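Please open the model in your viewer and set it to show the protein as a cartoon, with side chains ready to be switched on. This tour goes from one enclosed space to the next and says what to select at each stop.

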Amino acid sequence: MERPGHQCSVCNKTFTEKSNLTKHRKNHFAKENWVCDVCSKSFTTKSSLNIHQKQHQYPHICLYRRGEARLQCTDAAKSVAQVPSKVEDPTWLDPKKAEAAAKISGGELWKGQLVITFGKYAGQTFRWLLENDVGWLVRLLFEYCQKGEKNELLMWQKERLLEYAREFPPVTLHLDRRLKKQQSKKETAESTISEVQQHPNYASDAELLAAADLEKACDRVPREELCYCMRKSGVTEKYVGAVQDMYEGCKTVVRCVVGVTEEFKVEVGLHQGSALSPFLFAMVMDRLTDEVFSKKSLSPAQMFAVVVCVYPKACQHTGEPTDIDNKTNPGAAEGDPALAEELNIFFARFEVTAPEAQQHHAAHSSTVLTLEEHEVRRSLRAVNSRKATGPDGVPGRVLRDCADQLAGIFTRIFNRSLAQSTVPPCLKSSVIVPVPKKPHISGLNDYRPVALTPVVMKCFEKLVRSHITSALPRSLDPHQFAYRANRSTEDAVATALHAALSHLEGQGNYVRMLFVDFSSAFNTILPHRLVTKLRDLGLPQTTYMWINSFLSDRKQRVRLGHHTSPALSLSTGSPQGCVLSPLLYSLYTHDCSPVHQSNTIVKFADDTTVVGLIYGVTSLPTGTRKKRSDIPPLNISGQSVERVTNFRFLGVNIEDNLTWSANTSELLKKSQHRLYFLRTLRKNNITQRLLICFYRATIESIMTYCICIWYASSTAAQRNALQGVIKTAQKIVGCPLPTLEDLHRLRCVKKAHNIIKDTSHPGHPLFELLPSGKRYRSIRTRTNRFMHSFYPTAITCLNAAKAKAR
């Protein structure tokens, strides 16, 4: 039996209960007497208004992941930061009035309505700050918790801001993480200092230099020493026997791409990757430390420590390895000292005697560069601790962790060096580590000299580099595409090809491209010529004389294995590996420009390409065509330059007919080889997120290298072959991946926007807006080869994107 329904006379909606119909009719006839004082929205009941007002109290915090706020600022925060407002309302400058005004419309979380009266977000509420820039908030509160605040008004605001932020765990998660990390650093430093000072052998007037490098330490722990340390630490014999059984008679195999090796025994070291190995290694290190400080004979555990050196203040280090160096370095006697000295002489073969130049005495003026302490501190904190140490032996981790304590000292040293235009010899010395260029060495030229310089000097060079860059005009050497913002190999290839293809549009024209690679380019810089060019560019006298001192009288040694050659003094070239070397070489060659308008010189560091535009002979009979064999050879100093059909130009294979079959074939081969590793990871049940990361890092990065240059000009068969690799990867990963066509279109648009913003870019004049201002003028093309090149394709993609946006 069906129950009778109750129907609304207004909207004909039926209800099974009459009470529900009565509540429903109130929505039609009740008056909206409850109005929100924030957004003026009306409600029929007060309970609905209360529920609605809670939405205004709680901020909408953007999350990076669950339970963690996103630190990047929003577009609204960027626009406000550009033009910060001034707080002139006296209400917000008085704490009592500010609290009273905030409590009226703030509800339970009334602190969110308080207004910031300082910084780049002055005039915005606390709630707005949590919604738009959590990163700036975390940095502000972290500095307040560390240093405090003297201004009473600012201290009141920061305290209320801290209380308000504590209401939201996704925000305070970042703050607590920073505070905990800083506290752990402080506790570690204090405990280390107290242990050293309490030691009976500690002397307050001693200078202690200690450096420890435990490279592959787990692989060098002796098994006998492991059991000895476990018993000394109080571990029962039951567990010692279990560890002995775990490592006794264990066999290992090595698996690689070509197959699996035979089993072999390993009698030294711990298993890296085992959950027990870090605990056992820490136990061995504790016992080693106790043995060292107790003045006992060092135990066998020291054989897996690479370097431990302690020098008293009264001793002078002669550079010879100590007894402990020889014990802890089993391979100290390996290597060839004669080869190290021969390499040092070979790397210094470009040394020439500079002409005596007139001495320039730097005068104290406003042009002297002065560094601030916060700049030096920021540079020290940015040190990569994984980089190799220089000849001074000071690791980057020490400079990074002690940046606050060392910033003031190094600031005074750096400013004194800049004022006197002199670089201390200890800061410009270098150690050359020869790196083989090929597997089989046939001569000294097969070694690449990589210079290790002091980490402190690298920080100093970064600060000087930013000063030099800011003093140079943006239009300087626009065809140098290396070591500059908004420049890449893709820009260099696009510029060279555009010059060639646009010229080939003419009847009978042809192009010669001369590829020049200077050997040991950085080692051939002459300081006196560089100083002249820097002076012509308008750099201050103190700056270019400081650079002259930096490049002159440099001490260079070659380290081969555990042997170091005697030092040589050099005044030619700049060490490979220095921060300033790329910039100095760019300035050294900035005046290398074409004399004739039909030539274009494209430079990427020492890789130079000369594009010669040659016009055809118009007097040829009708029907005849200039063949390749008719083109005369190019001679330089009486020697004929080799002519090739294919050349690898900045990582891209260019053919003489400007097609891309060789380039796409190489990309297809490389990407197909890497699919094997992707399948292997999938078989080992790697998560989908890591599979996608591996695909983008090893496969997509190869297939999309300079994709804006070659994709539009490639054939349909070549595109389908490359897209087949992506389809195979999709099946392995189990989720859709972006196609090459989409990646090409997006990167062309992005590259075009970057070129339009950079007025000094060589391709900037090609992007010309039409009088309507809605589209860019297309480049007139005659052949498909030119139409499918980068610049015409980029303009087409840009116009299509603008039309789609409208």
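Begin with the whole of this predicted model, which holds four cavities of 30 Å³ or more. The tour visits two of them, starting with the largest cavity, whose volume is about 150 Å³.

To find the centre of the largest cavity, select Phe-347, Asn-523, Arg-554, Gln-556 and Leu-570, which are the closest to that centre among the 17 residues that line it. Next, colour the strands β9 (430-436), β10 (447-452) and β12 (554-560), since each of these supplies at least two residues of the lining of the largest cavity. If you then colour this lining by class, you should find eight nonpolar, seven polar and two charged residues.

Now move on to the second largest cavity, in which about 110 Å³ of space lies. Which helices should be selected here, each supplying at least two residues of the lining? They are α20 (489-504) and α30 (790-805), and α20 gives the largest share of this lining, with four residues.

Show the side chains around the second largest cavity, where the lining residues include Ala-494, Leu-497, His-498, Leu-501, Trp-660, Arg-785 and Phe-790. By class, the lining of this second largest cavity has eight nonpolar, three polar and one charged residues.

As a last step, colour domain 2 (337-346 + 367-589) and domain 3 (654-805) separately, and you will see that each of them contributes at least three residues to the lining of the second largest cavity.

Key:
Residues numbered from 1 in each chain as written. Predicted model: local features only at pLDDT ≥ 70, side-chain atom pairs only at ≥ 80, totals over all residues. Heavy atoms only, no water. 1 Å grid on protein atoms, 1.4 Å probe; cavity = no way out; pocket = protein on both sides within 12 Å on 5 of 7 lines; lining within 4 Å. Points joined across faces, edges and corners; volume = space filled by probe spheres on them. Nonpolar A, V, L, I, M, F, W, Y, C, P; charged D, E, K, R; others polar. Domains from an automatic or database assignment.
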